[in-house]
Amino acid sequence: NGSVSFDNVWEAPNGDVWVTLSNGTVSRSLGGGDFERVDTGCNCFLGNIWGLAADDFWLTSLPGNVIHSDGHSFQRSYTGTTPVGAITGTATDDIWVSGADGALLHWNGAAWSKVATGHTSGFVDRVGALARDDVWWYVMGSGRSSDLLHWDGARITATAIDTSQTQGLFTDVEIVDGRFWFVGYGGAVYTRADAGTLKPIVRSAVLGAQSMWGASDDDMYFATGGQILHWDG
């Protein structure tokens, strides 16, 4: 059956911790207790996990499914063939899931609907949901430019980002303290100088960055796969 790998970790607002695994199970720690395995029943490769409460969270699974949990049971909410993985949202009736080939799905509290992004290739990765009418994604494609996608409550618009000076494409984009942060394998951390231009914050300091997280722009962490680095501003 091969080895079982971990994919994503999520901490609920009440402190419960959930971890998705590649064999369709999750590992959970309730109230700071020991981790225990729970079978979701999907017999699938689980991906990202995100939610608003310990009794209301979502998981993605291959090939392109979305699973909902009330903290006790797991129910498939959407079935698709296009791989999805990124999840973000602002409320129980405003959830976004995105993935490969320009895929973008929206949950309105009752059903999922497809939202056109204008892309038929590239992975649409979440950047941040600041409000119902202010949601951002980054299209991880190839070449010398990629797009930032924005939902204004009515439609999706795209802004081309010039990546020709950034030593490669980015693996993670976040919005922290109102600033866009871009990291990747090229060895620098960038922000937006204007709508479509990037400028380095740190040159060649974070080599091979895969993901980041921060509470403020002077308290951020960058993971490279072998190290975790801290930025103090």
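Where in the chain is the place of Asn43? Asn43 sits in the loop between strand 4 (36–39) and strand 5 (46–53), and the points below take you from there to other loops and to two surface patches. Do keep in mind that this is a predicted model. The mean pLDDT of the chain is 89, and 94% of its residues reach 70 or more.

**Confidence along the chain**
- Among the elements of the chain, the highest mean pLDDT, 98, belongs to strand 11 (residues 104–107).
- The lowest mean pLDDT among the elements, 78, is that of strand 20 (residues 198–203).
- As a general reminder, predicted coordinates should not be read in detail where pLDDT is low.

**Backbone features in loops**
- Asn43 has a positive phi, near 50 degrees, and is a residue other than glycine.
- Asn43 has a relative accessible area of 73%, so it is exposed.
- Asp177 is another non-glycine residue with a positive phi, here about 55 degrees.
- You will find Asp177 in the loop between strand 17 (170–176) and strand 18 (179–184).
- Leu62 and Pro63 are joined by a cis peptide bond, with omega at about 5 degrees.
- Pro63 belongs to the loop between strand 6 (56–61) and strand 7 (65–69).

**A contact across the sequence**
- Gly153 and Asp133 are 20 residues apart along the chain, yet their C-alpha atoms are separated by 4.0 Å.
- The loop that holds Gly153 runs between strand 15 (145–151) and strand 16 (156–162).
- Gly153 counts as partly exposed because its relative accessibility is 42%.

**The negative surface patch**
- Four residues form a negative patch on the surface: Asp177, Asp217, Asp218 and Asp232.
- Asp177, met above for its positive phi, counts as exposed because its relative accessibility is 52%.
- Asp232 lies in the segment after strand 23 (228–231).
- With a relative accessible area of 60%, Asp232 is also exposed, since the cut-off for that label is over 50%.

**The nonpolar surface patch**
- Trp213, Tyr221 and Ile228 make a nonpolar surface patch of about 380 Å².
- Trp213 is part of strand 21 (residues 211–216).
- The relative accessibility of Trp213 is 55%, so this tryptophan counts as exposed.

Methods. Residues numbered from 1 in each chain as written. Predicted model: local features only at pLDDT ≥ 70, side-chain atom pairs only at ≥ 80, totals over all residues. Heavy atoms only, no water. Patch = residues over 30% accessible without salt bridge, like charges linked within 9 Å, V, L, I, M, F, W, Y side chains within 5 Å. Areas by Shrake-Rupley, 256 points an atom, 1.4 Å probe, with all protein chains shown as cover. Salt bridge = Lys/Arg side-chain N within 4 Å of Asp/Glu carboxyl O. Lys, Arg positive; Asp, Glu negative; His and termini not counted. Charge placed at Lys NZ, Arg CZ, Asp CG, Glu CD. Helix = DSSP H or I, 4+ residues; strand = E, 2+ residues; numbered from the N terminus. Buried < 20%, exposed > 50% of the residue type's maximum accessible area, 1.4 Å probe, protein only. pLDDT = per-residue confidence, 0-100.
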